[in-house]
Amino acid sequence: MPKPTVDTVVDKLKTGAAAASEMAAKRRMRSVQVQEGQVRAEPSFLSKITARLAYGDQVEVTGEQGAWSKITLPKSGAKGWIHTSALSKKEIELSAGATSAEQLASSNELALAGKGFNAEVEGEFKAKNKSLDYTWVDRMEKFQVTQEQMLAFLREGGLPASGGVK
Amino acid sequence: MTESSRRTFLSLAGKWAILGLGVAPALGGVLTGCETMEAVTRASTDLGVSTGVLDKEKADSITETVQETAKGFEDITPEQGYYIGRAVSANILRQYKPFNNTAANQYLNVLGQVLAQSSDLPETFRGYRFLILDSDDINALSAPEGFVFITRGMLRCCQHEDAAAAVLAHEIGHVQHKHGLQAIQKSRITSALTNLAIKSAKGLGSEKLTQLTETFENSILDISKTMINSGYARSFEVQADEAAVKMLKRVGYNPHGLEDMLEVMKKNLKPGGLDFAKTHPSPAWRIASIRPLLGDYPSKVAKPKARQDRFEKALGTV
């Protein structure tokens with residue numbers, strides 16, 4: 001893939017919106033915008049996880065139910081449900097033969113993946129602010145709650161979760 | 001904040017120490033709030049011109065493009081929000097010590113996770129996390145993308161699980177509505193996005209990194225100042241309470257849990273405190289504001305034995 005030049009990026013940024021609607025593809029593609037996207041058998045967090053997606057992975061949205069999107073995974077063709085908040089808001093329109101560079105430029109969301117405030121900026125920030133201690137931030141991130149623990153918690157607490165956790 | 005931690009905090013040197021003193025800091029650098037979006041964009045693209053990456057025409061073109069595309073906090077991706085959230089959290093943990101009690105923190109994380117999944121933003125970049133802070137202050141804070149902090153003083157305002165759930169849900173509400181990110185001055189976001197536009201053309205190397213880091217640092221200051229000193233706008237607190245009531249109902253808690261917590265808070269808050277006494281509308285005001293949302297739920301919150309037992313076991317010593 002040729003590296004985008006200043007000209008192509010400027011052009012793409014300028015025409016991004018127009019290009020997206022022009023491409024008006026039949027397939028509605030969206031990107032996973034969280035570090036791990038969990039695909040479930042049913043539109044509920046209480047449902048079994050059937051696949052795990054990586055940040056930036058694309059899925060095809062074929063339907064919606066409440067806050068859940070019914071998706072098909074392009075590679076395997078597997079189907080499932082993912083909470084819509086795990087997907088980028090802007091649709092990534094794919095037309096036949098579109099290059100990755102074009103897709104990147106036509107989607108602000110995906111184009112930003114890994115850029116801007118990232119691990120590199122955090123490293124620089126830490127170097128400038130040596131008295132800031134991330135120890136407990138890192139430790140916090142290690143706290144894990146499994147689906148089984150949540151189910152047991154609801155059951156034991158007599159919590160129906162009928163209007164929520166879905 | 002305890003006496004000793006307040007002393008430590010006040011002794012901190014540098015511009016970070018200005019936080020909490022209620023003084024508006026004169027932030028350094030080129031990106032102060034009085035500059036217009038255009039000026040900030042221009043500054044970034046000028047950098048590109050001066051380093052020979054862009055000719056003037058292309059720089060103008062990017063400036064124009066960014067004016068069209070950069071809108072504000074909505075354009076901060078979850079990934080970027082995550083790094084902001086981590087830094088804001090590290091800053092919170094500079095002022096408050098963590099309460100290192102595994103059982104209590106684990107309980108809070110299960111409770112918080114159940115609530116977060118019933119929120120309108122269940123998915124954040126790396127998920128929600130909850131940590132108790134070792135302080136008598138009555139305070140709760142949340143950083144972008146789901147880092148939530150609750151002081152022991154705040155947990156002591158909770159007499160049952162439905163009340164503790166209300167505290168966590170209120171903070172999840174702030175995360176859900178991206179109130180933290182909205183405290184960042186718009187010009188900074190524009191600047192960051194401009195850097196990205198240039199970077200995707202050709203990297204600016206260390207100069208760009210330095211500039212982006214400065215924008216990052218100032219964004220953290222914006223959020224911290226708002227959260228810790230001035231507090232959010234009342235409308236944001238109302239939104240967080242409304243979101244909390246919704247979450248409580250969805251999970252199966254009695255939303256009067258929030259009211260119960262606020263009643264105790266009303267008694268426990270010390271006038272002049274640097275905690276919720278300073279940053280939030282009064283408990284009485286919040287109670288009046290949520291009452292119409294509570295519907296038909298019984299005003300006395302039931303405490304099923306198993307639920308109350310586990311609550312007391314986990315948080316009894318807090």
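A residue is counted as buried if 20 or more other C-beta atoms lie within 10 Å of its own, with C-beta atoms placed from the backbone. By this criterion both faces of strand 2 (140-143) of chain B are covered. A140(B) and S142(B) are buried on one side, L141(B) and A143(B) on the other. The model is predicted: local features need pLDDT of at least 70, side-chain atom pairs count only at pLDDT 80 or more, and totals for chains, interfaces and linings use all residues. Residues are numbered from 1 along each chain as its sequence is written, and chains are lettered from A and ligands numbered from 1 in the order in which they are written.

Strand 2 belongs to an open sheet of 3 strands in chain B, with order 1-3-2 and mixed pairing. Strands are DSSP runs of E, at least two residues long; helices are runs of H or I, at least four; both are numbered from the N terminus. Pairing requires at least two DSSP bridges between two strands. Strand 1 (129-133) and strand 2 of chain B each have a single partner strand, so one side of each is left without a neighbour in the sheet. Neighbouring strands are turned by 20 degrees against each other on average, direction ignored; axes are lines fitted to C-alpha atoms, for helices over the stretch in contact, and angles run from 0 to 180 degrees between N-to-C directions.

Strand 1 and strand 3 (residues 147-151) of chain B pair in the parallel sense over 5 bridges. I132(B) has I150(B) as its bridge partner in strand 3. Helix 5 (residues 102-117) of chain B packs on the sheet and touches strands 1 and 3. Contact means C-beta atoms, placed from the backbone, within 7 Å. The helix direction makes about 140 degrees with that of strand 1 of chain B.

Strands 2 and 3 of chain B pair in the antiparallel sense over 4 bridges. A143(B) stands opposite F147(B) in strand 3. The two strands form a hairpin with 3 residues between them. In the turn, E145(B) has a positive phi of about 70 degrees.

How values were computed
Two residues are in contact if their C-beta atoms, placed from the backbone, lie within 7 Å. A residue is buried if 20 or more other C-beta atoms lie within 10 Å of its own, exposed if 12 or fewer, and partly exposed in between; C-beta atoms are placed from the backbone.
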